[in-house]
Amino acid sequence: ESIVDRYGRIDLLVNNAGVAPIERKDILELEEESYDRVTGINLRGPVFFAQRVAREMVWMRKQMADYNPIIIFITSVSAYMSSTNRLEYCVSKAGLSMAALIFADRLSEEGINVYEVRPGLIQTDMTARVKDKYDRLMAEGLIPQKRWGNTEDVARAVASLARGDWSFSTGTIFEVSGGMNIRSL
């Protein structure tokens, strides 16, 4: 409401909520409190925020000519990669990936494009405590481009989508992972 009050419209939602478990624990030791916290922030919040913004966008599409709103969900390669000591994070990002697809499906008829940006290993405060582990895995070939991603890598993908560069690609997943999605023998 404050965005609409201030600017008279809302053209873009970037759903970038994401927290890691406070403590990484094996799935057999997972606590409900951690699961509820992570899925509440990473999945529940973005779904209902997107719903609220989408309703506003649908209304605005009927009021304004040349209005092309966009919703972007930021997920993670953890949407499809298993991590046995972060079940709640992986489940939240897999669920958010499906939410992005469903929003894209439903909102396409309303003229609202929805995308998923799926980062890989990005240097942030969230990954700082596991840096040594992933430095070793990168040296062993985990990432074909052999480097950490940075926030600018993700921001450039989001900016391209926000500009409308991919207007005929609603529902598309844009992976920013240095090639982690490449399956090779």
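Is W166 buried, exposed or partly exposed? Keep that in mind as you open this predicted model and select W166. Its relative accessibility is 40%, so W166 counts as partly exposed, because that class runs between the 20% limit for buried and the 50% limit for exposed.

**Stop 1: the partner of W166**

Now add F174 to your selection. W166 and F174 make an aromatic pair of the edge-to-face kind, with 5.2 Å from centre to centre and 65° between the planes. Turn the view until you see one ring from its edge. F174 has a relative accessible area of 16%, so F174 is buried, while W166 is partly exposed. Next, select Y115 as well: Y115, W166 and F174 form one aromatic cluster.

**Stop 2: the strand that holds F174**

Show the cartoon and find strand β4, residues 173-176. In a regular strand, side chains alternate between the two faces of the sheet. Colour F174 and V176 together, as they make up the covered face of β4. Then give another colour to I173 and E175, which lie on the uncovered face.

Which strand pairs with β4? Select residues 113-119, and you have strand β3, which pairs with β4 in the parallel sense over four bridges. To see how the two strands line up, pick V117, which stands opposite F174 in β4.

**Stop 3: another aromatic pair**

How many aromatic pairs are there by the ring-centre rule? The count comes to four. For one of them, select Y134 and W148. Their ring centres are 6.4 Å apart and their planes are at 85°, so this pair is edge-to-face. Follow the chain between the two residues: Y134 sits in helix α5 (residues 131-139), W148 is in the loop between α5 and α6 (151-163), and the two are 14 residues apart, so the pair links distant parts of the chain. With the surface switched on, recall that both Y134 and W148 are buried.

**Stop 4: the largest pocket**

Finish at the largest pocket, which has a volume of about 690 Å³. Select S76, Y89, G120, M126 and T127: of the 31 lining residues, these are the closest to the pocket's centre. Next, highlight α3 (87-108), α4 (125-128), α5 and α6, the elements that each give two or more residues to the lining. Which element gives the most to this lining? It is α5, with three residues. Last, colour the lining by residue type: you should find 16 nonpolar, eleven polar and four charged residues.

Methods
Residues are numbered from 1 along each chain as its sequence is written. This is a predicted model: local features need pLDDT of at least 70, side-chain atom pairs count only at pLDDT 80 or more; totals for chains, interfaces and linings use all residues. Side-chain values use heavy atoms; hydrogens and water are left out. Rings of Phe, Tyr and Trp (its six-membered ring) pair if their centres lie within 6.5 Å; planes under 30 degrees apart count as stacked, over 60 as edge-to-face and the rest as tilted. Buried means under 20% relative accessible area, exposed over 50%, partly exposed in between (1.4 Å probe, protein chains only). Two strands pair if DSSP finds at least two bridges between them. On a 1 Å grid over the protein atoms alone, a cavity is a set of points where a 1.4 Å probe fits but cannot get out, and a pocket is an open set with protein on both sides within 12 Å along at least five of seven lines; lining residues have an atom within 4 Å of a point. Grid points are joined across faces, edges and corners, and a volume is the space filled by probe spheres set on the points. Ala, Val, Leu, Ile, Met, Phe, Trp, Tyr, Cys and Pro count as nonpolar, Asp, Glu, Lys and Arg as charged, and the others, Gly among them, as polar.
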